[in-house]
Amino acid sequence: MHSASCFKNIKRLAAIGALSLALVPQLGQAQDKQKIKVGISVGSAEAIFDVVKKVAARDGLEIQTVVFSDYLQPNAALAAGDLDANAFQHRPYLESQIAARGYRIVPVGLTITAPLGIYSRKFRSVEQLPQGAAIGIQNDPSNGNRALLLLQKAGLIRLKPGVGENGVNATPLDVIENPRKLKLVELDAAQLPRSLDDLAAASINNDYAFKAGLSLQKDTIAVEDPRGRYANIIATRAEDKDRPWVRKLVQAYHSEEVRKFIETEFKGSLVPAF
């Protein structure tokens, strides 16, 4: 009996030891990351993340950026586990990618906005726009949709219910109320600043407006909400969204140091969305 009891004890200890060994990698996985990879787009994001890296390092988080020149790879790389996060897209684009590819990717924080504005050299407010005024809008589906939503927000038109959001782009054919009988002139986005003198007003992307010497603060009669649907986001895999390193990453981006850099460096062509 005694020897049998000892044998059972040995088996029990062996089982406990095996369980402990099995738990080691799981415990390691549960520990918070001290170094992460973040996918960003080429250009302004590189300069911004140079500042984000410095702020995050003071909080014990090392950020390695991976720069992409297209918009398809950063989400694919994140979903595959090659990145820990990315910061290059707005929410509607992420939603379209999730619908098309089934990604389990979620937004965890806002970054910057390149706000769309309705610019005018002739009028100082939407109320001044006359009957039959010609309004330039972008002829591509995504930006044209943004322009129509902004005109609707300004109270100038009304769109059919259900269009303009949730992946359904609005077109001028979806306008059901246009009390001032505005003429919507569809043009290439890059051509709109050059056409502004021939129009009452025009929807112009911030980068084109900035290059044309137009001011978001002084030359617009309507502007997108900086924290609206077209604000850019930091995104992670759904299972990582509550990790401590995610909080550190978002806090670093939302720091006053980063805010001041964006405002000083880009002078309104990009604005903080946080």
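Start with Ser 120: leaving aside residues up to four places away in sequence, this serine touches Leu 196, Ala 200, Ala 201, Asp 219 and Ile 221. Keep in mind that the model is a predicted one. Ser 120 sits in the loop between strand S6 (117–119) and strand S7 (134–138). Is Ser 120 buried or exposed? Its relative accessible area is 2%, and buried means under 20%, so Ser 120 is buried. There's also a polar partner to look at: the Ser 120 side chain reaches the backbone oxygen of Ala 200 at 2.7 Å. Ala 200 is also one of the residues that Ser 120 touches.

Now for the helices. Two packed helices are described by the angle between their axes and the distance between the axes. Helix H2 (residues 44–58) has two such pairings here, one with helix H9 (residues 256–266) and one with helix H8 (residues 244–253).

| Pair | Angle | Axes | Residues in contact, by class |
|---|---|---|---|
| H2 and H9 | about 160 degrees | 10 Å apart | 9 nonpolar, 1 polar, 2 charged |
| H2 and H8 | roughly 120 degrees | within 8 Å | 8 nonpolar, no polar, no charged |

Take H2 and H9, which pack at about 160 degrees. Angles over 145 degrees count as roughly antiparallel, and H2 and H9 are therefore roughly antiparallel to each other. The crossing of this pair is right-handed. On the H2 side, the contact is made by Ser 44, Ala 47, Ile 48, Val 51, Val 52, Val 55 and Arg 58, while H9 brings Glu 257, Val 258, Phe 261, Ile 262 and Phe 266.

What about H2 and H8? Their axes cross at roughly 120 degrees, which makes H2 oblique to H8. Again the crossing is right-handed. From H2, Ile 48, Phe 49, Val 52, Val 55 and Ala 56 meet Leu 249, Ala 252 and Tyr 253 of H8. Ile 48, Val 52 and Val 55 appear in the H9 contact and in the H8 contact as well. An α-helix has 3.6 residues a turn, so residues three or four places apart point the same way.

Last stop, helix H4 (residues 91–101). Which residues of H4 are buried? They are Pro 92, Leu 94 and Gln 97. Those buried residues pack against helix H3 (73–80) and three strands, namely S3 (85–90), S4 (105–110) and S13 (232–237). Right after H4 comes Gly 102, with a positive phi near 75 degrees.

Technical notes
Residues are numbered from 1 along each chain as its sequence is written. This is a predicted model: local features need pLDDT of at least 70, side-chain atom pairs count only at pLDDT 80 or more; totals for chains, interfaces and linings use all residues. Side-chain values use heavy atoms; hydrogens and water are left out. Axes are lines fitted to C-alpha atoms, for helices over the stretch in contact, and angles run from 0 to 180 degrees between N-to-C directions. Helices (H or I, at least four residues) and strands (E, at least two) are DSSP runs, numbered from the N terminus. Angles under 35 degrees count as roughly parallel, over 145 as roughly antiparallel, 65 to 115 as roughly perpendicular and the rest as oblique. A crossing is left-handed if the near helix is turned anticlockwise from the far one by less than a right angle, and right-handed if clockwise. Contact means heavy atoms within 4.5 Å. Ala, Val, Leu, Ile, Met, Phe, Trp, Tyr, Cys and Pro count as nonpolar, Asp, Glu, Lys and Arg as charged, and the others, Gly among them, as polar. Buried means under 20% relative accessible area, exposed over 50%, partly exposed in between (1.4 Å probe, protein chains only). A polar contact is a pair of N or O atoms within 3.5 Å; within protein, one must be able to donate a hydrogen and the other to accept it, and residues adjacent in sequence count only if both atoms are side-chain atoms.
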